[in-house]
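Trainee: Could you walk me through this one? I'd like to start with how the helices sit against each other, and then look at the inside.

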Amino acid sequence: MLIIGAGDAGAMLLREIERYHIANRQVVGFIDDDKNKTGKILLGVKVLGTRNELVKIASEKGIDEIIIAMPSVKGKEIKAIINICKETKLQTYNFTGTI
């Protein structure tokens, strides 16, 4: 799976996945629009790129799930991210549930 958002919420989500869902899910990487984070490691997981690279990264990495961990992003911005996620045709989750 990929986590969109390499901030505090993304880090918290990664910890929870590793603690409770390790047998079922593996976080392959983060996606974040801050280009300065690309290539950095957050809790042992690499920031692979920005939302503009999401479709390509998901395909290359064999991703089957995406979780959006950006609780402060609202409105047009979150809709734009959701639309990019829909292009992947992968199961996508937000804090409020399935998209």
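Mentor: Before we start, contact here means heavy atoms within 4.5 Å, and please keep in mind that this is a predicted model.

Trainee: Okay, so which residues of α2 meet α3?

Mentor: On the α2 side they are Leu54, Val55 and Ala58, and they meet Ile84, Cys85, Glu87 and Thr88 in α3. Sorted by class, this contact of α2 with α3 is made up of five nonpolar residues, one polar and one charged.

Trainee: And at what angle do α2 and α3 pack?

Mentor: The angle is about 35 degrees, with the two axes 9 Å apart, and α2 passes α3 in a right-handed crossing.

Trainee: Let's stay on α2 for a bit. Which of its residues are buried?

Mentor: Those are Leu54, Ile57 and Ala58. They lie on the same side of α2, because they cover an arc of only 100 degrees around the axis.

Trainee: What do those buried residues pack against?

Mentor: They pack against the strands β1, β2 (29-31), β4 (45-49) and β5, and also against α3. On the face turned away from the buried side, α2 carries the exposed residues Lys56, Ser59 and Glu60.

Trainee: What about the stretch just after α2?

Mentor: There you will find Gly62, which takes a positive phi of about 65 degrees.

Trainee: Now the inside. Which residues touch the most other members in the largest nonpolar core?

Mentor: That core has 17 residues, and Leu2, Ile4, Leu54, Ile68, Ile81 and Cys85 touch the most other members. At least two residues each come from β1 (2-4), α2 (54-61), β5 (65-68) and α3 (75-88), and α3 gives the most, with five residues.

Trainee: You've mentioned Cys85 twice. What is Cys85 in contact with, beyond its sequence neighbours?

Mentor: If we leave aside neighbours within four places in sequence, Cys85 is in contact with Ile4, Leu54, Ile66, Ile68, Leu90 and Thr92. Apart from the core we have been discussing lies another one, of 13 residues, among them Ala9, Leu14, Ile17 and Val47.

Trainee: Changing topic: where is Arg15?

Mentor: Arg15 is in helix α1, which covers residues 8-20. Its relative accessibility is 41%, so Arg15 counts as partly exposed.

Trainee: And how far apart are Arg15 and Lys46 in space?

Mentor: Arg15 and Lys46 are 14 Å apart, C-alpha to C-alpha, while in sequence they are 31 residues apart.

Note on methods
Residues numbered from 1 in each chain as written. Predicted model: local features only at pLDDT ≥ 70, side-chain atom pairs only at ≥ 80, totals over all residues. Heavy atoms only, no water. Core = buried A, V, L, I, M, F, W, Y, C linked by side-chain atoms within 4.5 Å. Buried < 20%, exposed > 50% of the residue type's maximum accessible area, 1.4 Å probe, protein only. Helix = DSSP H or I, 4+ residues; strand = E, 2+ residues; numbered from the N terminus. Arc of directions from axis to C-beta. Axes fitted to C-alpha atoms, helices over the stretch in contact; angles between N-to-C directions. Left-handed = near helix turned anticlockwise from the far one by under 90°. Nonpolar A, V, L, I, M, F, W, Y, C, P; charged D, E, K, R; others polar.
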